[in-house]
Each structure stands twice: as C-alpha cells, then as structure tokens.
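Please look over the sequence and the structure shown here before reading on.

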Amino acid sequence: MTASEALTACLLFKDINENIINKIVSDPRTRWQRLEAGESLQTAESKAEPTLTVLAEGTLSVCREKVLLNEIKAPGIVGAAALFGDEKNYQTTVVAKKAVQVLVLTQKQVEELIAEDKSFALSYVKFLSDRIRFLNSRIASFTAGSAEAKLAGYLIKNSTDGVCRISRTRLASELDMGRASLYRAIDSLVEKKLIATDGKNISVLDKDGLKAFKRSAD
C-alpha cells in the first residue's frame, strides 16, 4: 500500500480532496516509516512532540505497564487524542506486533488540515467523540457492579418494612455516587426483579436476592 492509499483508506482522510492527499504525502514533514516486529513507535513517559500516525500495513499493540490495552490494524490511527494537549509524555507504549508501515504527521500538519479542510475537521471531531463515548461506556461497565452492590447494601439496611423512602438526590449523596450511576444501578436491580420503584419509594421485592447479589458483587 502506498502512502496515498493509506491516507484515503483511513476514516479521517477518506473525504479529503486528492490534491490535499498528494500535498500531505509530498510534505517533507511527513514521515513514511517501517517498523519491524517488536520495534516501538512510542514508549510510555518518553518526551516527544505529539504526532498523528496512520497505519498502512500490519498491526500495532498499545500497552500500559505491560498490559495490552488495544490492537490497532491498518488502516487505523494512533495519536489523535494526544494532540493539542499540554502533556508532552506519552502515556502508552505502542509496539509493532509484526512488521508495519506507518505514515507520521506532525501536530502542525494536523492543525493546518483542520483549518484548510472542513471534512477533515468534522472527521477528527467525530473520531474523538466516538472515543469519548467508548471510554464512557467502559467506565460505566467497570463501575456498574460496585454501584449496584452499594445500592443493594443500602436497601438491605434501610428498608425494614420492605420500602425505602428517599429522594434520588439524597440517595446519590448517601451512596457517594453520581445520579447517572444511581439511575443505572436502580434500573439494573429493577431488571433483575429485586426491587420496584414508585416515585421516591423503592420497594424491596427479594431481600434474600439482594443479599446474594451483594455477596457475589463483593
């Protein structure tokens, strides 16, 4: 795959005018680089100017403290979220899983592209928005269990007559969690048929089930 083909295959560049693609490829600041298996594109904590890397061939492994976070295959990109920040240290190590070919652009080039081409600017914003939504969903999945367990524990202790009467705002404060997390936890326990809700009232339908759920979550 040529440098031009790599760019046009990448989602960030797919709607860009061919003349701009050719301009990027011929720009002396653009680096067309090959990495052998095991070679690093970047290492955690290394100080370097941020860049945007387009993967033309092969697979890159993204790791943090030797833990594999992601694998990026052509025509993926690396570094989009690292641009335009104050942090000059990379937070992850990116290594070639097998021989790869990459196209590396400087932050200044990306700035110029955003100013010059509206389609690229929109693609860049969409990419970052998708990343934010993905990370938010991951955070929600990591915290859901603990939020449900905290709610289950609270209801076990505070529903002696089978009903807990408390506003959602106060309950979120009591549990030290955000309202969004609380609502997700409530919905989850409702779906499990452990509780039911009616206004401010939360009725415990299965106290033994709540206790068993809390033990399994703990």
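The report below deals with strand pairing, then with one residue of a strand, and then with a pocket.

## Strands that pair with β7

This is a predicted model, and a reader new to the fold may begin with strand β7, which covers residues 93–96 and is joined to strand β2, residues 40–42, by two bridges in an antiparallel arrangement. Within this pairing, Q42 is the residue that stands opposite V94 of β7.

Strand β7 also pairs with strand β4, made up of residues 59–64, and here the two run antiparallel with four bridges between them. In this second pairing V94 of β7 has V62 standing opposite, so that V94 faces a partner residue in each of the two pairings.

## T59 in strand β4

Strand β4 contains T59, which counts as buried because its relative accessibility is 5%, under the 20% cut-off for that class. When its neighbours within four places in sequence are left aside, T59 is in contact with E71, I72 and K73, with V95, A96, K97 and K98, and with V100.

## The second largest pocket

The second largest pocket holds about 290 Å³ of space, and it is lined by 14 residues, of which L11, L12, S123, F127 and D130 are the closest to its centre.

Helix α4, which spans residues 118–157, contributes the most to this lining, giving six residues. Sorted by class, the residues that line the second largest pocket comprise eight that are nonpolar, four that are charged and two that are polar.

Terms used
Residues are numbered from 1 along each chain as its sequence is written. This is a predicted model: local features need pLDDT of at least 70, side-chain atom pairs count only at pLDDT 80 or more; totals for chains, interfaces and linings use all residues. Side-chain values use heavy atoms; hydrogens and water are left out. Two strands pair if DSSP finds at least two bridges between them. On a 1 Å grid over the protein atoms alone, a cavity is a set of points where a 1.4 Å probe fits but cannot get out, and a pocket is an open set with protein on both sides within 12 Å along at least five of seven lines; lining residues have an atom within 4 Å of a point. Grid points are joined across faces, edges and corners, and a volume is the space filled by probe spheres set on the points. Ala, Val, Leu, Ile, Met, Phe, Trp, Tyr, Cys and Pro count as nonpolar, Asp, Glu, Lys and Arg as charged, and the others, Gly among them, as polar. Buried means under 20% relative accessible area, exposed over 50%, partly exposed in between (1.4 Å probe, protein chains only). Contact means heavy atoms within 4.5 Å.
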